[in-house]
Amino acid sequence: MAETTVFDGEAAERVVTELRESYNSGKTRSYEWRENQLKNLLKLVCENEEVMVQTVNSDLHKPEFEAFAHEIALLKGSCKLAIKELRRWMAPEKVKSSITVFPSSAAIVPEPFGVVLIISAWNYPFLLSLDPVVGAIAAGNAVVLKPSEISPRTSSLMAKLLEKYLDTSAVKVVEGAVPETQALLEQKWDKIFYTGNGKVGRIVMAAAAKHLTPVVLELGGKSPVVVDSKINLQVASRRIIAGKWGCNNGQACIAPDYVITTKEFAPKLVECMKQELEKFYGKNPLETKDLSRIVNANHFDRLTRLLDDDKISGKIVHGGEKDKSKLQIAPTLLLDVPRDSLIMTEEIFGPLLPILTVDKVEDSFDIVNSGTKPLAAYLFTNNKKLKERFVACISAGGVAINETALHLTISTLPFGGVGESGMGAYHGKFSFDAFSHKKAVLYRSFAGDAPMRYPPYTKGKLRILKALLGGGILALIRALLGWS
């Protein structure tokens with residue numbers, strides 16, 4: 001029987017040492033290496049699309065449509081954009097210099113951080129693993145990817161594919177669970193990128209702090225949906241459903257977590273959502289193939305505890321059916337849920353959607369702002385002033401008006417949290433920036449050397465300095481002529 005290789009602190013140190021040697025050789029900094037790796041990553045996705053979709057389905061029972069749209073297509077787009085824009089992203093950005101250092105020029109030069117660690121999540125295992133890798137490679141870093149053990153088949157496939165397609169001297173995959181992650185976190189990294197929950201995010205940040213390592217934390221939170229009354233109710237209901245149950249059955253960081261609407265409008269919203277849910281998933285949603293299952297028994301039990309809370313007894317107005325043998329929970333609507341119930345005090349991350357009611361839709365702002373800042377906030381309205389107030393007053397990682405979730409597909413928008421929903425952002429050029437240090441560079445020749453900057457300091461030199469730094473042209477002329 002073959003011995004199982006233990007990945008401990010020593011093994012982690014060896015990995016980092018090897019990657020640092022590779023990075024220090026300078027090869028990852030070249031345009032050619034970066035472009036080649038990005039093309040190979042795109043090739044990996046294109047040549048293995050079918051097996052990737054099948055593997056996500058085996059881990060999560062994720063529908064093929066969702067797996068393609070939310071993982072394969074977005075990954076392809078990310079790779080293609082990075083390949084197309086790489087030269088422009090890498091180019092120094094010329095900026096204005098100052099008269100105080102005339103003649104001179106200045107630039108902001110992006111440089112890679114060095115050796116980076118990416119710890120990814122299980123719910124979108126390929127996208128949340130490889131999308132940050134695109135940014136890290138584009139920026140010229142050496143990378144260790146630690147996929148989530150909660151989606152084991154995708155983790156295993158990713159390790160095999162990256163070893164086959166990418167430069168293993170600069171890009172490595174470490175599989176495993178908590179001990180392996182702890183061993184990795186003990187090492188000194190130049191940047192850590194973590195996607196997951198706030199509890200582990202705090203552990204990652206504490207480990208990074210020991211080495212003063214910068215972090216990107218892509219976390220989550222309770223993303224609200226505020227629904228006004230004078231809207232296209234059917235479209236709003238469909239978009240809420242698509243963002244909730246059409247995103248891994250609610251197991252998505254940007255999925256709507258709860259709805260707020262007026263007492264008067266709530267019955268109409270509930271009725272319309274019931275009708276649309278039945279159209280999408282049938283009368284028995286536990287039998288549909290268009291919903292992901294709950295990822296494992298622990299998460300199933302956690303969601304069951306939320307439903308079993310005495311404070312929400314009798315609040316279910318649709319759904320609630322469960323099948324633990326298949327790890328399935330039907331799309332569930334709950335109306336007038338108390339704000340101190342369990343379901344309202346933690347991120348749901350599943351197919352349960354509480355609906356809170358208020359007298360006026362404007363009252364929803366105080367409810368949203370009384371909690372921690374969410375990763376996303378959604379508003380459905382035709383009221384221009386309400387839109388403006390929502391954008392101005394609601395602090396969230398991102399906001400979508402009359403839509404849910406789709407803001408993350410726009411590569412020109414940063415995707416990231418604020419406060420407890422995370423720090424830092426990525427997607428598109430923001431991914432490149434997340435893994436780049438913006439180095440300030442000043443260029444001067446030996447001409448234009450001003451004696452006034454050197455001792456001995458005189459009153460005349462001080463007059464010229466003051467005029468130069470704030471007195472304007474007339475004051476400068478007076479100072480040069482020695483006039484007071």
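**Two pockets and helix α3**

Colleague: Which element gives the largest share of the lining of the second largest pocket?

Modeller: The largest share, four residues, comes from one helix. This is a predicted model, in which local features need pLDDT of at least 70 and side-chain atom pairs count only at pLDDT 80 or more, while totals for chains, interfaces and linings use all residues. Residues are numbered from 1 along each chain as its sequence is written, and side-chain values use heavy atoms, leaving out hydrogens and water. The element in question is α4.

Colleague: Which residues lie nearest the centre of the second largest pocket?

Modeller: A pocket is an open set of points on a 1 Å grid over the protein atoms alone, with protein on both sides within 12 Å along at least five of seven lines, and its lining residues have an atom within 4 Å of a point. This one holds about 580 Å³ and has 29 lining residues. Two or more of them come from each of α4, α5 (127–138), α9 (233–244) and α10 (266–281). Nearest the centre are Glu66, His70, Ala242, Gly246 and Cys247.

Colleague: What is the volume of the largest pocket, and which element gives the largest share of its lining?

Modeller: Its volume is about 1,400 Å³. Among its 50 lining residues, Tyr194, Gly196, Asn197, Gly198 and Val200 lie nearest the centre. Two or more residues come from each of α7 (178–185), β6 (191–195), α8 (198–209), β7 (215–218), α11 (297–308) and β17 (422–423). The largest share, eight residues, belongs to α8.

Colleague: Which residues of α3 are buried?

Modeller: Helix α3, a DSSP run (H or I, at least four residues), covers residues 49–60 and reaches 16 Å from its first C-alpha to its last, close to the 16 Å expected at 1.5 Å a residue. Those with under 20% relative accessible area (1.4 Å probe, protein chains only) count as buried. They are Met52, Val53, Thr55, Val56, Asp59 and Leu60.

Colleague: Why do these residues lie on the same side of α3?

Modeller: An α-helix has 3.6 residues a turn, so residues three or four places apart point the same way. Here the buried residues lie on the same side of α3 because, around the axis, they cover an arc of only 165 degrees.

Colleague: Against which helices do the buried residues of α3 pack?

Modeller: Contact means heavy atoms within 4.5 Å. Beyond the helix comes His61, with a positive phi near 55 degrees. The packing partners of the buried residues are α2 (31–47), α4 (64–90) and α6 (152–165).

Definitions and conventions. Expected span 1.5 Å × (residues − 1). Buried < 20%, exposed > 50% of the residue type's maximum accessible area, 1.4 Å probe, protein only. Arc of directions from axis to C-beta. 1 Å grid on protein atoms, 1.4 Å probe; cavity = no way out; pocket = protein on both sides within 12 Å on 5 of 7 lines; lining within 4 Å. Points joined across faces, edges and corners; volume = space filled by probe spheres on them.
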